[in-house]
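Subject: Structure handover

Hello,

Here is the structure we spoke about, with its sequence. My notes on what was found follow below it.

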Amino acid sequence: MYGWNGKLLRVNLTKGKAVPQKYDAEFAKTYLGGRGFAAKILWDQLKPGLDPLSPENLLIFAAGPLTAFSLPSSGKLLVAAKSPITGGYGDGNMGTQATVQMRKAGYDGIMISGKASKPTILHIQDDETELVDARDYWGEGTFKTEGRLKKEYSTTTGVVSIGQAGENQVKFANVISQGGRGGGRPGMGAVMGSKNLKAVAVRGTKTILAKDPEAMRTLGIEGYREVLAKPNYDFWKRQGTMITHEWSQENSVLPTCNFREGVFEKADQIGGFAMEKIKIDNRGCPNCNMTCGNIVEDTAKLPSELDYENVAMLGSNIGLGNLKEVATLNRLADDYGVDTISLGNAIGFAMEASEKGLIDYKIEWGDFEEAKILAENIVFKRELGDLLADGVRSASEKIGGDSAKWAMQVKGLEVSGYDCHTTPGMALSYGTCSIGAHHKDAWVISWEVSVGRENYSAAKVDKVIELQRLRGGVFECFTTCRLPWVEVGFGLDWYPKFLEAATGLSMSMDDLFIIADRAFSLIRAFWVREYATSWNRSMDVPPARWFEEPITEGPLKGSVLDREKYDNMLQVYYSKRGWDSQGIPTKATLKRLGLEDVSQELQGYVNLTPS
Ligand code: PTT
Ligand code: SF4
């Protein structure tokens, strides 16, 4: 095979064994890589109903056929497992040297099962694999862990690690690399911690074979050149994802005080231009020439890497209008290895619960010192932090009152940084995202605002599906960064060319969309198999707050979502996807996608509609 190495590393931590496992060209063509590989492996190999934090869960790191080649933004790694916070499929995507090194070591992915008897580091050097005693690392943050491992092995070794949040199995702990790249929002860090796996350190020296190396070289040079020539490149380099902040405020979608409002009075103090004034450096993922990590100094004069989501969720969503303070919370989250989006939700939820007298704990909107203490208490599962460490769905079940309405989550995963009181299309995107409420599959909101946000049209459903195919499908299976396309307009037509030069396979965008749909329906089948008879369409509905409590500030004050219209839109979505009235793929759809075996198994859990 070209492009793909055709090999995964299977590690069993209980047995202390690591064995390479080959896969064939058919598997590669059918699932492509990254999310496609992870969905198929988790579907095939996980016993339904297992505890995500048990040794039986599988933690998967997966790359795609373009990863690590000298092509724009090809240094990303997918991390997946059954999620402890949602009970369904979970994954995330982060930039890291580890993905480049893993591919050069000859592997396209690593599948980790079992549980080590003591804290362990998985060290891979080309064909050599060892499990190293990590007792001395346990209890350390991700920054120190990675620094020590690079010193121990080499500066070129790629490292992904967990911090104290993953060790303590906080259900929204994620995996961190390079001091500020975080992946696996739905608790992939907790799964790693449950396996006593502190870090993976990998280095490879092999050449990844391309079908047409000369074409790869030329395409790479031309691709990087095109990115550089894009008109908005310079602004992107200045602000990265922070360019979204002013836009969100102007359009009343900036999450504010636990998604109660869409505008924040101190927005200009934490926006992209405020960030530029204190920015000291740029960092980024491997193989990227549009590096977007904004490094600022926080209140402790330590570097912190800011993205839009971090600032929206740890800033306006908790009523905090001081960027250096936001940066401190963000730096702590990276070092502890906990997802900033869910953390911002958990703190905002606690502030609202405190205000409403539902908890015996005082924490006010915008109180930085208390927010810092609470963040640490969540990581170490102390006091109120213990309740919040399982996510806001679980916390609301425990504190009761009307808190379920403003526990901002879908399927158990906290909502990322866009308020949806005024944007039904984005609400549908959150409702139907494959991992719970995240914008990664379909960031439809900017298009929606430009074409008219008030309607619930079929055109919006089409757009959500188109974006899910591209972002949640093509990019997550290639496992390359989508931002060159999303943010500077790098053409989609490059990707089939890259694929052909790498693998020799000629695939059109339509062919790639079929792979994307296959992965999407397979992930849906995974959810349905887990939830079985308790699965129903309410799983695809965003939180009640957006339907029932109008925003009270800004030009769109008074707006709420319409529940009946949302429900109709969801039905149109299901029909277009070939799913039944409860959002379950029909037999005909599974057959069309080549998933007859999935159809047969799923029938043991729910009744499937023929067509
Ligand atoms: C992603 C989610 C996001 S989405 C952000 S900021 W964003 C948060 N980042 C976190 C962080 O930082 N530290 C932390 N402790 N927790 C964090 N949680 C949040 O995680 C990220 C970029 C960004 S910045 C985005 S949108 C794009 N995401 C991509 C994606 O999902 N797929 C893809 N093919 N390309 C992407 N490119 C962009 O990557 P999750 P990163 Mg991230 C510090 O992981 O779980 O998917 O959630 O990976 O290397 O940090 O790059 O405004
Ligand atoms: Fe990483 Fe940003 Fe480059 Fe994407 S654009 S690869 S997130 S540095």
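In this predicted model, the shell around ligand 2 is made up of S73, K76, R181, G284, C285, C288, M290, T291, C292, C481 and L483. By residue class, that shell has six nonpolar, three polar and two charged members.

The magnesium atom of ligand 1 has a single protein donor, the O atom of G182, at 2.6 Å. G182 belongs to strand β11, which covers residues 181–183. Please bear in mind that water is not among the atoms, so the site may look incomplete.

Next, the strands. β14 (residues 293–297) and β15 (residues 303–306) run antiparallel and are joined by four bridges. Within this pair, E297 sits opposite P303 of β15. The two strands form a hairpin with five residues between them, and K301 has a positive phi near 60° there.

A second antiparallel pair consists of β9 (residues 158–161) and β12 (residues 197–203), with four bridges between them. V159 of β9 is placed opposite A201 in β12. Which way do the residues of β9 point? G158 and V160 point one way, while V159 and S161 point the other way. All four of these residues are buried.

Two helix residues are also worth listing.

R331 is located in helix α12, which spans residues 323–336. Is R331 buried or exposed? Its relative accessibility is 12%, so R331 counts as buried, the cut-off for that class being under 20%. Apart from neighbours within four places in sequence, R331 is in contact with F143, D298, A300, L302, P303 and S304. One of these, P303, is the β15 residue that stands opposite E297.

Q468 is located in helix α20, which spans residues 458–478. Q468 counts as buried because its relative accessibility is 1%. With neighbours within four places in sequence again left aside, the contacts of Q468 are T432, C433, D441, A442, G473, F520, Y573 and R577.

To recap the two ligands: ligand 2 has a shell that includes C285, C288, C292 and C481, and the magnesium atom of ligand 1 has G182 (O) as its only protein donor.

Regards

Conventions
Residues are numbered from 1 along each chain as its sequence is written. Chains are lettered from A and ligands numbered from 1 in the order in which they are written. This is a predicted model: local features need pLDDT of at least 70, side-chain atom pairs count only at pLDDT 80 or more; totals for chains, interfaces and linings use all residues. Side-chain values use heavy atoms; hydrogens and water are left out. Buried means under 20% relative accessible area, exposed over 50%, partly exposed in between (1.4 Å probe, protein chains only). Contact means heavy atoms within 4.5 Å. Two strands pair if DSSP finds at least two bridges between them. Donors are N, O and S atoms within 2.8 Å of the metal (3.2 Å for Na, K and Ca); water is not among the atoms, so sites may look incomplete. A residue is near a molecule or strand if one of its heavy atoms lies within 4 Å of it. Ala, Val, Leu, Ile, Met, Phe, Trp, Tyr, Cys and Pro count as nonpolar, Asp, Glu, Lys and Arg as charged, and the others, Gly among them, as polar.
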